[in-house]
Structures are given as C-alpha cells and as structure tokens.
Amino acid sequence: MNLSLRQKKLLKLLSINSRFSNKDVARALHFSEDAVEYQIKKLIDIEKLASFSVQFDYSLLGYTHYHLLIRLKNLDLNYNSLFKIIELISINSSHGKYDIQLIALVKNKEELEKVIASVSKVVNIQDISISEFHSYIKRFTNILPQINVEVEIPVNRKNKLYILNTKEYSFSEDRSPVSLDNIDKKIITALLKNPRIKFSEISEKTNINQETIRYRINGYTQRKFIMNFGLLHNFQKYGLYVTQLLVNLKDVSKELKDFLQKNSHVFYAARLIGAYSAVIYIVSKDPISLGERLKEIRRIMGDDLLNMDLIHLEKIEKYIQFPIQEL
C-alpha cells in the first residue's frame, strides 16, 4: 500500500502513543478530527496495517523472559495446544535454523522447566536453544522505516499519558516492584483488550469509579509500568520482513550500540544469557537490503563476532506482553 505523507505521520504518532487524542493529532497534522478518525479506521480497521497495543514492563512484577528457539521433527504443528500454555506470551513461526520461536515469561528457572516440559508434550522437538533476557541494547520501537518522517508531537499538559512521547519504549530506572490489586487487574484486562478504550467505557465494564481508573492508569504511566501505548505493525502489509540476528559476541562495543541505536531498520536489540549472547531484530524489504544490513553490522562487530545464526519471521501467532497468570 502506498501511503501519503499525512498517513505516515498519523501512523508514526499512533506508534509513539496511540492514546494521543484525535483532537490533538488533528491539530498536529492539520487534519480535521473526522479525517483523523476516518484514516484510523481505514489504515487500522480496514487495511489491517497494524493493531493497537499496550506494553507493560513485566520485570516490575518479578518476571523475566526466555527465548525458546525450536527446530521441529515434524513441521505440522497445532498452535492451539501452545496457546493454552499461558506463560508463552509470544509465539512466532519462522524459517531458518529454527522453525518456531517462543517467548516464555516466568519468575524463576523452576517455572521455566515446567514451561519447557509443557511445550515438549505438544511439540515434537528436534533441537531447542534457550537464552535468557539480560538487558537492552536498543529498546523496542514501533517506528518502521516507511513511517519514520518528521512530525510534530502533540503536547497536552493536562493529560498525564502524554509523557509517553518518544520513539522507543519508556523505561524506569526505579526497579522497585509493582504489586497489583483486583482493581488494577480489572483495568489492565480492559486495556489489553482495547488499548484505546475510554476511561468511561472501562468504568461501565468494571463498575470502577472513572476517576479511580484515571488515577491508576496515569500512575502506571508515570511509573513507566506502562512503557508504550502504540501499534503492533503487520510487517507484510508494508512489504517488509523481519529477521532475527542471533549472535555470540566477545563484547558489545560502544560502536555497535551507537550504530544499532541510530539504525531505523533495527527495532530491538538485547543482551542474552545462554545459547546466544545477543539478539538483533532487523526489518528489510528484500534479500539484497537484508544483506546490506548484515554486512554493516558484521563489519562493526569485527573480531568480537564468534558466530551468527539467522531466523526469518513467517507469522506472529501470538503476541501479548503481559503475564496473564497475574490476572
């Protein structure tokens, strides 16, 4: 789909914060509010370029995540069986060294072993590689190269949610734990179902006072427990595909960090512990452009690179960045 400049700007703003009001987005884009609403329905509801998402910092609840990379003996896989394992927050089919990638969200190694045992019962595993998330090299961004255009970021000092106004997901230096009560759980459940839901609608669904809802959600945002209200893009609709670069490195150099930070084709990179020491997510439009990206990265890694594997995303089967077991 060929996007106009205004459509690109709209998608970028929604990627940064999908809870920017239509009124403020219209002012930033010199649209009418009706035009903003029309374009959102066209691009999101009809064209299915993306879906709205809300991203929580689940580490504040005591969780960490593990990459489970699996090569299958039998490629015929019933994903419904995997969906029932609630600790799996992300399930991707892929091409390359591994056939599926699972992200398991757990609090300790004992829980991880139980997840692996559950996966083994429903998946015919030939080989599995396991890596634990350690730290960010580049935090997630929803800004794809196609929509990375200059745009005015709305400002609304009365709306506390506008603190989420950067390309990358927010992150709090305060690592003290967050605890949830039943009110939090009801509010978060509503947000996961519809990240753009109005406070009044949550109140109708939960019988919680609207001002309590506002106070709680503002608190999640100020605390950076909510890292992003944004878009989960359908990469294929943009003519893009995703490659995960799995590497073992002697060291992650400052030059590599700076390069990945500035590279609009890299939308996430992290240090890992286990089978691989780092993972880098790259978007590209074809094998030639992917090759160019890989050459650049390999050149910067230099002698620090010990080995490298590639897997290409086929389909996102499941994606929800929250421990459902908490709800």
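This passage walks through the strands, salt bridges, backbone angles and surface patches of the structure shown above. The model is a predicted one, so everything here is read from computed coordinates.

Let's start with the strands, and with β4 in particular. Strand β4 covers residues 100–106, and seven of its seven residues are buried, so β4 is largely enclosed by the rest of the structure. Its side chains split into two sets: I100, L102, A104 and V106 point one way, while Q101, I103 and L105 point the other way. Both sets are buried. Two strands that pair with β4 are β2 and β3. With β2, the pairing is antiparallel and runs over seven bridges. One place to look for it is H65, whose bridge partner in β4 is L105. With β3, the pairing is again antiparallel, this time over five bridges. Here L88 has A104 of β4 as its bridge partner. The chain gets from β3 to β4 by way of a hairpin of three residues. So L105 and A104, both buried residues of β4, make handy landmarks: L105 is the bridge partner of H65, and A104 is the bridge partner of L88.

Strand β6 gives a similar picture. This strand spans residues 226–233, and seven of its eight residues are buried, so β6 too is largely enclosed by the rest of the structure. Strand β1 (residues 50–56) runs antiparallel to β6, and seven bridges join the two. To find this pairing in the model, look for V54, which stands opposite F229 in β6.

Next come the charged pairs. Side chains of opposite charge can pair when their charged atoms come close. In this model there are 13 salt bridges. One of them sits within a single helix: R27 pairs with D24, with 2.8 Å between the closest N and O atoms. Both belong to helix α2 (residues 22–29), and because they are three residues apart, about one helical turn separates them. D24 has a relative accessible area of 7%, so it counts as buried.

Other salt bridges reach across the sequence. D57 and R175 form one, and their closest N and O atoms are 3.0 Å apart. D57 lies in the loop between β1 and β2, and R175 in the loop between β5 and α6, so this pair ties together parts that are 118 residues apart in sequence. The two ends of the pair sit in contrasting surroundings: D57 is buried, at 4% relative accessible area, whereas R175 is partly exposed, at 36%.

R71 and D127 make another such pair, with the closest N and O atoms 3.5 Å apart. This one links strand to strand: R71 is in β2 and D127 is in β5, so parts 56 residues apart in sequence are tied together. R71 is partly exposed, with a relative accessible area of 26%, and D127 is partly exposed as well, at 28%. There is also a small set of linked charges, in which salt bridges with shared partners join D181, D184 and R216 into one network.

The backbone has a couple of oddities too. Most residues other than glycine have a negative phi. K48, though not a glycine, has a positive phi of about 60°. This lysine is in the loop between α3 and β1, and its relative accessibility of 49% makes it partly exposed. N207 also has a positive phi, near 65°. N207 is in the loop between α7 and α8, and at 72% relative accessible area this residue is exposed.

Finally, what shows up on the surface? Among the features there is a patch of negative charge, where E33, D34, E37 and D45 gather. D34 is part of helix α3 (residues 33–46), and with a relative accessible area of 64% it is exposed. There is a nonpolar patch as well, made by I86, I324 and L327 and covering about 210 Å². I86 is in the loop between α4 and β3, and its relative accessibility of 38% puts it in the partly exposed class.

Key
Residues numbered from 1 in each chain as written. Predicted model: local features only at pLDDT ≥ 70, side-chain atom pairs only at ≥ 80, totals over all residues. Heavy atoms only, no water. Patch = residues over 30% accessible without salt bridge, like charges linked within 9 Å, V, L, I, M, F, W, Y side chains within 5 Å. Areas by Shrake-Rupley, 256 points an atom, 1.4 Å probe, with all protein chains shown as cover. Salt bridge = Lys/Arg side-chain N within 4 Å of Asp/Glu carboxyl O. Helix = DSSP H or I, 4+ residues; strand = E, 2+ residues; numbered from the N terminus. Buried < 20%, exposed > 50% of the residue type's maximum accessible area, 1.4 Å probe, protein only. Lys, Arg positive; Asp, Glu negative; His and termini not counted. Charge placed at Lys NZ, Arg CZ, Asp CG, Glu CD. Pairing = 2+ DSSP bridges.
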